[in-house]
Number of protein chains: 2
Amino acid sequence: MSERLARTLFALSDTNRLNIVELLKTGPLPVGEIAAQLGLNQPQTSKHLKVLLEADLVRIEPAANRRIYHLRTEPFQGLTAWSQSFEQQMVSRMTRLEGYLEQIQDTVNLKE
Amino acid sequence: MSERLARTLFALSDTNRLNIVELLKTGPLPVGEIAAQLGLNQPQTSKHLKVLLEADLVRIEPAANRRIYHLRTEPFQGLTAWSQSFEQQMVSRMTRLEGYLEQIQDTVNLKE
DNA sequence: TTGGAATATTCCTTTAAGGGTATATATAAA
DNA sequence: TTTATATATACCCTTAAAGGAATATTCCAA
């Protein structure tokens with residue numbers, strides 16, 4: 001059910017991967033560049049990228065010797081939609097509560 | 001830097017906690033209710049709620065014997081903003097790329 | 001003040017994540 | 001075909017997360 005979303009969120013829940021994602025936001029980069037700019041060593045960088053890849057957060061564009069990692073937009077759209085659904089849902093609950101309170105208030109006024 | 005966000009994302013990256021959050025979206029609930037509705041046993045429910053609490057995703061409203069857990073809205077607003085910043089940033093990169101391609105195209109046309 | 005219900009915490013065990021180092025793989029260039 | 005560069009994978013180690021069961025804590029009611 002929420003399996004897929006959990007995977008996406010997990011992929012983003014590590015500081016290093018979060019930094020990678022922020023870096024890729026500025027544009028696609030090969031592994032070596034990512035490692036260099038973030039001060040990570042290459043194997044961990046590859047491993048983190050694999051996690052991001054399996055969560056569909058990035059895609060690979062092979063270029064000769066290197067593999068250019070691109071950020072994908074879809075997961076973020078999905079994340080935005082999900083996150084927004086909370087704000088909306090909760091606001092609407094709030095609205096209903098307000099309506100209820102007004103009702104109470106009217107009742108009180110009648111009794112006065 | 002991204003420490004706080006990572007914590008938020010981590011708290012949400014577990015299926016059970018995700019289910020708890022989805023459940024609380026429909027309204028505040030005490031621990032026992034959450035456990036019952038999701039088929040979790042009480043100790044794990046409390047533990048998961050603690051993780052959510054430490055990530056500021058929920059707040060507690062004590063009521064007699066029980067502790068009612070409420071979803072907080074702020075973290076979701078922050079998450080939405082963060083997630084949206086990716087879509088925007090990436091769209092604008094796309095736009096710049098399109099501009100560049102048009103430029104190239106013009107040059108090609110001139111040469112023909 | 002004792003008992004009971006709701007919740008939190010502790011202890012234990014198993015599993016998975018993350019880092020480091022070394023090695024395998026692939027691609028381009030000599 | 002060898003060599004070099006870029007990247008992925010394997011192996012090892014340490015730590016932390018998650019579940020289960022038992023216990024402690026808190027608060028209300030009798």
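**Two protein chains and a DNA strand**

Guide: In this predicted model, the residues of the surface near DNA strand C comprise seven nonpolar, nine polar and seven charged ones.

Visitor: What makes a residue count as being near DNA strand C, and which residues are the closest?

Guide: A residue qualifies if one of its heavy atoms lies within 4 Å of the strand. By that test 23 residues surround DNA strand C, and the closest are Asn16(A), His48(A), Gln42(B), Ser46(B) and Tyr69(B). On the side of the DNA, sugar and phosphate make up 55% of the atoms of strand C that come within 4 Å of the protein.

Visitor: Which elements supply this surface, and which gives the largest share?

Guide: At least two residues each come from α2 and α4 of chain A and from α3, α4 and β3 of chain B. The largest share, five residues, belongs to α4(B).

Visitor: Why is the approach of Arg67(B) to a phosphate oxygen of DNA strand C called a polar contact?

Guide: The cut-off for a pair of N or O atoms is 3.5 Å. A polar side-chain atom of Arg67(B) lies 2.8 Å from a phosphate oxygen of the strand, and therefore the pair meets the cut-off. The side chain of Asn41(A) has an N or O atom 3.2 Å from a phosphate oxygen, which also satisfies the limit of 3.5 Å. For Asn65(B) the partner is a base nitrogen, at 3.3 Å from a side-chain N or O atom.

Visitor: How do you know what relation chain A has to chain B?

Guide: A rotation of 180° with 0.0 Å of shift along its axis superposes chain A on chain B, with an RMSD of 0.0 Å. That is the relation of a two-fold axis.

Visitor: What shows that the copies meet through the same surface?

Guide: Of the interface residues of chain A, 100% are also interface residues in chain B, so the same surface is used by both copies. The contact takes 35 residues from chain A and 35 residues from chain B.

Visitor: How many salt bridges and how many residue pairs in polar contact are counted between chain A and chain B?

Guide: The count of salt bridges is zero; no side-chain nitrogen of Lys or Arg is therefore counted within 4 Å of a carboxyl oxygen of Asp or Glu across this contact. Twelve residue pairs are in polar contact, both residues being at pLDDT 80 or more.

Visitor: Which elements form the side of chain A that touches chain B?

Guide: The elements that give two or more residues are α1, α2 and α5 of chain A. The largest share, 13 residues, comes from α5(A). This side of chain A divides into 16 nonpolar, 13 polar and six charged residues.

Conventions: Residues are numbered from 1 along each chain as its sequence is written. Chains are lettered from A and ligands numbered from 1 in the order in which they are written. This is a predicted model: local features need pLDDT of at least 70, side-chain atom pairs count only at pLDDT 80 or more; totals for chains, interfaces and linings use all residues. Side-chain values use heavy atoms; hydrogens and water are left out. Contact means heavy atoms within 4.5 Å. A polar contact is a pair of N or O atoms within 3.5 Å; within protein, one must be able to donate a hydrogen and the other to accept it, and residues adjacent in sequence count only if both atoms are side-chain atoms. Helices (H or I, at least four residues) and strands (E, at least two) are DSSP runs, numbered from the N terminus. Ala, Val, Leu, Ile, Met, Phe, Trp, Tyr, Cys and Pro count as nonpolar, Asp, Glu, Lys and Arg as charged, and the others, Gly among them, as polar. Copies are superposed by least squares on the C-alpha atoms of residues with pLDDT of at least 70 in both.
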